[in-house]
Amino acid sequence: MKDLLRRLTSIPAPSGREEQIRAFIQAEIKDYCDDLTVDTMGNLIAFKRGGKTKLQFAAHMDEIGVIVTAIDEQGFLRFGNVGGIRPHQLYAQRVRFPNGTAGVIGAEKVDDLKQLTLEKLYIDIGAASAAEAKTKVNVGEIAAFDYPFVDLGQRVVAKALDDRVGCAVLIEALKRVTKPQNDLYCTFTVQEEVGLRGAKTAAFGIEPDLGIALDVTGTGDTPEAPKLAMKLGQGAAIKVKDVSLITHPQVKELLTMLAEKNGIPYQFEVLPFGGTDAGAIQLTKAGIPAGVISIPCRYLHSPSEMIDLNDLEAAVRLVVATMEHPITL
Ligand SMILES: [Zn+2]
């Protein structure tokens, strides 16, 4: 699992540029499903036959990034955000474009950190002029953070664990499931970070009876952290509410029952910010019962997100248990 996470997080795939990560996941799961398709938006949908109920899982492939808005005469790239990015976390960070071009983020002089808006920042790709910069990168190209995976033993640090850890959970569950009792639609979605867009069209096409997203959640277990109940290493988090979703009571009950029955460590999650693909799935057609299995993650949306492998394992087991439980609604 560690090695899978290392490979998944090393691939740059900012929202809208998911080609490389999709190709990687496609190769990884092709022998573990009955059908594998890519829809118009670019979602990868792995189907595995199992029963009457249509169960959709969703893990998003994209990660937050920056998009080039202009190139100035000295060859510095001005940029906007793709997804939720905090300007004060960007200074001196490294980014890489899908074509391999690397850069470091610099800042204009500011007297107060509060003045550090995106407009004050630029990407330096080592070009001495606009002409030289344009041989490497053009306006409209999107870059992602560029940092290596760090193995801390039980815990690991990487960029894009949001949501490659969800992708890892779904890949591993597909490999482990032996007797699926529902028709499984394992969707690896695009453009979650810019508004849950891929999940919306994927769910419309699938028309699932039930939808479950796999994503990261924040924690309250670091010094002077916001008062959140979720902790690293305490198990898979069963979401109760975030900004995009109030988990359908039947889904919450189902996941809790399956965790209890199988001795899977779990915790309940209430998140006062953010949303996931489940928020889009639940609003499909006349409504779909939806929920989320979350993996607690520290330093969300930074280049150094941290998760605990115990939580990853618990999430895989809970997904497999759900796949192998005949669901009636
Ligand atoms: Zn996410």
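The zinc ion's four donor atoms subtend angles of 50 to 142°, which makes the arrangement irregular; to count as tetrahedral, all angles would have to lie between 85 and 135 degrees, while square planar would need opposite donors over 155 degrees apart and all others between 65 and 115. This is a predicted model, with local features needing pLDDT of at least 70 and side-chain atom pairs counting only at pLDDT 80 or more, while totals for chains, interfaces and linings use all residues. Residues are numbered from 1 along each chain as its sequence is written, and side-chain values use heavy atoms, with hydrogens and water left out.

The protein donors are His-60 (NE2), Asp-162 (OD) and Asp-215 (OD, listed twice), sitting 1.9 to 2.7 Å from the zinc ion. Donors here are N, O and S atoms within 2.8 Å of the metal (3.2 Å for Na, K and Ca), and with water not among the atoms, sites may look incomplete. His-60 belongs to strand β3 and Asp-215 to β13, so the pair ties together parts 155 residues apart in sequence. Both His-60 and Asp-215 are buried, that is, under 20% relative accessible area with a 1.4 Å probe, protein chains only.

Those strands belong to an open, mixed sheet of eight, ordered β1-β2-β12-β3-β13-β16-β14-β15. Strands are DSSP E runs of at least two residues, helices H or I runs of at least four, and two strands pair if DSSP finds at least two bridges between them.

Two helices pack on the sheet, touching strands by heavy atoms within 4.5 Å:

| Helix | Touches | Direction |
|---|---|---|
| α2 (residues 19-29) | β1, β2, β12 | about 15° with β2 |
| α8 (residues 309-323) | β3, β12, β13, β14, β16 | about 155° with β16 |

Those angles run from 0 to 180 degrees between N-to-C directions, using lines fitted to C-alpha atoms, for helices over the stretch in contact.

How values were computed: Four donors count as tetrahedral if all angles lie between 85 and 135 degrees; four count as square planar and six as octahedral if opposite donors are over 155 degrees apart and all others between 65 and 115; anything else is irregular. Buried means under 20% relative accessible area, exposed over 50%, partly exposed in between (1.4 Å probe, protein chains only).
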